[in-house]
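Colleague: Got a minute to walk me through this one?

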Amino acid sequence: MSISFHRKVRLAVATLNNWALDFQGNYERIKKTCEEAHKLDARLRVGPELEIPGYGCADHFFELDTELHSWEILKRLVQDSLAWPTLVVVTGMPIRRDGLLYNCCVAFSNGKLLLIRPKITLCDDDVYRESRWFVRWNQRGVTETLKILPEFRFNEEEVPFGDGVLRTVDNVTIGFEICEELWTANSSHVHLGLRGVDIIVNSSGSHHILGKSCYRLNQLILGSTGKVGGVYLFANHRGCDGDRVYYDGMSSISQNGKLYAQINQFDIEDTCIATALIDLNRNVTYRSRLASMRNEAASRPFLSSTTIENTLIDHELAPTESLTEPIVTRQKSPTEELCEGPPAWLWHYLRRSKAAGFFLPLSGGSDSSAVAVMVRLMCDKVCAAVKNRRLTDGGDDPAYYLNGKLVGEDPAALCNQILHTCYMASEHSSTETRACADGLAKQINCSHSGLFIDTAVSALLGIFKLAYNFMPSFTSVDNRESMALQNVQARVRMVLAYLCAQLALAARGSPGGLLVLGTANVDESLVGYLTKYDCSSADINPIGSICKTDLRLFLNHAYDNFGLTALRYVIDAAPTAELRPLVEGKIAQTDEEDIGLTYEELSIVGKLRKPGCMGPYAMFNALISMWHNKYTYDEIAEKTILFYRRYAINRHKATVSTPAYHAESYSCDDHRNDHRPFLYPDFQYQFELIRKKAQELKGKKPRN
């Protein structure tokens, strides 16, 4: 078929803040983006993966209800599409064929189903578990049919089902890949690009981790279209759909290695679309100039396609209508992402939980200070979005409301309304940390209070003494006594945190309750440097998968860019739990001294453990090359052993860790990301090998 000289098409990608099992809400958001795309004269609208039921349904995919309601919503959308007759819609839902459940893209237009395309490569890495519920379509390039149940039929009894390509009557071809297929070595877009497919759509459920979005856009999307040419529509979810992960949107339109549209990464709105007017003939000229690609494409088998009645080329476009110009990618550094991702996640979680705000035990240390700053940045983000919308198109969005009330434009007022902090002092607390907590609370304008826990601690110890006629002491040579005295303080703070969260608003005559925010970082969780059921136990934790070194960079960034001068002491001070007695009024306990490893070292060994997949012996060998200039072989050996000994003893704490924002692949979240035992042996065999290797290396001068 010959090429037309007029092949301009307007395309749209959608980002939606859908919610697992919120079928009515998901329907309304999908419909809204379709209406907006049609109003902007787009001929193709692509939405995220599994957008009808929500990506994060997890074991609800085992329930037939999820399939039933997905079909019900699809039927409503297909009927609605009669109002958008020129628009091809790509959505996503689970579909069963021959008893097997598939993760599918569904294309429809003008009241008719066009194609169901099942996922070819399932994702089972890290937090993903797709093969638990779905099977993959293993017949690449093969399209069969699916009989539609009578109650869900539209204008046809069956629909093409498989790895198919759509061909419009004006000779525009549309190919498909779904999320993980973009990341694999044998990606679908390579096969489609080599066979000259014009437009490749990708419906994704890609969550945020630090730095991932830059790789996804630069290396995968732009890199792929730069290699095989063509137009690539990437549509991703946004927000918290009910789990630990945050979907960072960033839907995009690209062609031949250049970016033409990109939805902002961390915006809070429930829906957003981006469009671009693209000349498909640029695909032809681009691919024709790649001699190696031409030769490889010529050896590929013919690609069968399903012809549809739609036309994507807008022949009514004025000749003077300008094509969309390429844009520069909008990307953030990992530290900048920490200023955006966790705050956005907190807002989505807060408004969907219908809580009135947050309660945070603010100790004056770096972890609780980082959480407090994230909440204030959340307020800044929300208020800025409300103001920007008023100043631009004057539109509205559900994300601008908390419990039915429109949020104002003053972030300080919002922070005072929703963030309640408390400095829970003991006789071991220093004046420095109190001053820091008070100063930071004043600068972010949260609702701050203070209390002393000594009375409660003394009461509990008195009860224990009555039962056992024994009183523990910090001066005892038995470490169990010191640890018990530290733990009772920490656990009292947890009980008081929940008491305050439930009653703080009642005391003021205000409705609602508060979510308790946790403040344990991933390094402390790895080695168990926290009390089980202390203030690390909370409702949610925005920093639970973030290491201390990244948090320090975040605090420095906040100090430099947001005017939070109270953070200076936090940044400079040695981290401390303040659970042991002061010495001459000064802190005598530091975290790194207690742990036996610095936080920088914990960050290194934590990443070697996961995602480095190193056990004790492999880690020791890796650390030799990293640390031989500052430690002896024996010292490296003992640090490795210390880490794994602490990790093994304390792994059980991960089983009850607070649900945390999933920001890094080295997260030790026992529930989703890091599946390991919680009762370990003593690693005697591995430790003996390490010590033996250290002895063998003595006397050998390392080569630099």
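A few questions and answers on a helix, a sheet and a pocket follow.

Modeller: Mind that this is a predicted model, where local features need pLDDT of at least 70, side-chain atom pairs count only at pLDDT 80 or more, and totals for chains, interfaces and linings use all residues. Residues are numbered from 1 along each chain as its sequence is written, and side-chain values use heavy atoms, with hydrogens and water left out.

Colleague: How far apart are the end C-alpha atoms of helix α2?

Modeller: Helix α2 (a DSSP run of H or I, at least four residues) covers residues 64–80, which is 17 residues. The expected span is 1.5 Å times one less than the number of residues, so it should come to 24 Å. The end C-alpha atoms agree with that, at 24 Å.

Colleague: Which strands flank the open sheet of 7 strands as its edges?

Modeller: Its order is β15-β14-β11-β10-β9-β8-β17, with mixed pairing; strands are DSSP runs of E, at least two residues, and two of them pair if DSSP finds at least two bridges between them. Each edge strand pairs on one side only, and these are β15 (258–262) and β17 (306–307).

Colleague: Which residue of β11 stands opposite S203?

Modeller: Strands β10 (199–204) and β11 (231–236) run parallel, joined by 6 bridges. Opposite S203 in β11 stands A235.

Colleague: Which element supplies the largest share of the lining of the second largest pocket?

Modeller: α1, β16 (271–279) and α9 (366–391) each supply at least two residues of that lining. The largest share is 7 residues, and it comes from α9.
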